Amino acid sequence: MASRSNLIDGEWIDAESGDTFDTHDPANPDEVVGTYPKSSASDAERAVEAAAAATEEWGNTPAPKRGRILSRASQILADKKEELTELLVREEGKTEAEAGGEVQRAIDIFDYYGSKARDIGGEVKSASGGDTVLRTKQEPVGVAGLITPWNYPIAIPAWKIAPALAAGTTAVIKPATLAPGPTHEIAAALDEAGLPDGALNVVTGPGGEVGSVVAGHEAV
C-alpha cells in the first residue's frame with residue numbers, strides 16, 4: 001500500500017485537515033492500493049495560487065529547456081514502466097496488456113512534447129508596405145485547470161499536462177479519486193526531471209470541493 005501526498009508549490013504535503021481516502025483493487029475490493037489526501041477547497045486554492053505565482057518563471061523559461069524537462073520525465077517514466085503498469089492494473093482494473101499500452105502512450109506523449117516545445121514561437125508575416133515587419137508571438141495564457149477521469153488514469157493526464165507545460169503554462173490537476181496514483185507518478189517524474197516549484201500542482205479529493213475550485217478559480 002502506498003501513502004501519497006498532494007504536490008503544492010514543489011512540496012509533497014497532506015491535506016490541511018489531515019483527512020485521507022483509500023483506493024481499492026477492483027479485482028480484490030478488500031485490498032487497499034493507496035491512501036491519498038482528502039483535500040478541501042482551501043487545499044485546492046493553495047494549489048491554484050502556487051501555479052499562478054509560478055507563471056512568470058515557467059513562462060519565461062526558454063521553450064527548448066522546458067522541452068528537455070519533459071523529455072527527461074519521459075525517460076524516468078520509461079524506466080518505471082513495469083512498476084507503473086502494475087499500479088494501473090491494481091488501482092484501475094485494466095488487463096496488464098492494456099495497462100502497459102496506456103503507460104507507453106504516456107511515455108510517448110511526454111517524449112513528443114519534449115521535442116515539440118522547440119517549435120513554439122511565432123511566425124513572420126508578409127507586410128503590405130515596405131520597411132515593415134509583421135510578427136506573431138505565442139505566449140502562455142496562465143494557469144490550466146485540469147480535471148481527469150478514471151478510465152485512462154495515466155494517458156489522459158499526460159495528454160493534458162505535457163502540452164500545457166510545453167507551452168509554458170502552469171497547471172493544477174485533480175485526478176479521479178478512483179485512480180489518482182498514475183498522476184502522482186507523472187508529477188514525481190517531472191519533479192525529478194527538474195520542473196520548477198509550482199509549475200505543476202496535484203490535489204486529490206472530492207470533485208464538489210477540489211474540482212469546483214480548479215474549474216472556477218479566477219486565476220484559472
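In this predicted model, three strands form an open sheet in the order S1-S5-S4, and the pairing within this sheet is mixed. Strand S1 (2-3) and strand S4 (20-25) occupy the edges, and because each has a single partner strand, one side of each is left without a neighbour in the sheet. The contact between S1 and strand S5, which covers residues 28-37, consists of 2 bridges, and these two strands run parallel. Within this pairing, Ala2 has Gly34 of S5 as its bridge partner.

Strand S5 also takes part in a contact between charged side chains. A search of the whole structure identifies 9 salt bridges, and one of them is formed by Glu31 and Arg90, whose closest N and O atoms lie 2.3 Å apart. This pair links distant parts of the chain, since Glu31 belongs to strand S5 whereas Arg90 belongs to helix H4 (residues 81-92), with their positions 59 residues apart in the numbering. Glu31 has a relative accessibility of 26% and therefore counts as partly exposed, a class that spans values from 20% to 50%. Arg90, with a relative accessible area of 24%, is likewise partly exposed.

Further salt bridges include one in which the side chains of Asp119 and Lys116 meet, with an N to O distance of 3.4 Å. Asp119 is classed as exposed because its relative accessible area is 55%, while Lys116, at 36% relative accessibility, counts as partly exposed. Lys137 and Glu139 form another salt bridge, in which the closest N and O atoms are 3.8 Å apart. Lys137 is exposed, having a relative accessibility of 66%, and Glu139 is exposed as well, with a relative accessible area of 54%. In addition, Arg4, Lys80 and Glu185 are joined into one network by salt bridges that share partners.

Charged residues also appear in a positive surface patch, which is formed by Lys65, Arg68, Arg72 and Arg118. Of these residues, Arg72 is located in helix H3, which comprises residues 63-79. The relative accessibility of Arg72 is 41%, so this residue counts as partly exposed; this value also satisfies the requirement that patch residues have over 30% relative accessible area.

How values were computed:
Residues numbered from 1 in each chain as written. Predicted model: local features only at pLDDT ≥ 70, side-chain atom pairs only at ≥ 80, totals over all residues. Heavy atoms only, no water. Patch = residues over 30% accessible without salt bridge, like charges linked within 9 Å, V, L, I, M, F, W, Y side chains within 5 Å. Areas by Shrake-Rupley, 256 points an atom, 1.4 Å probe, with all protein chains shown as cover. Salt bridge = Lys/Arg side-chain N within 4 Å of Asp/Glu carboxyl O. Lys, Arg positive; Asp, Glu negative; His and termini not counted. Charge placed at Lys NZ, Arg CZ, Asp CG, Glu CD. Helix = DSSP H or I, 4+ residues; strand = E, 2+ residues; numbered from the N terminus. Buried < 20%, exposed > 50% of the residue type's maximum accessible area, 1.4 Å probe, protein only. Pairing = 2+ DSSP bridges.
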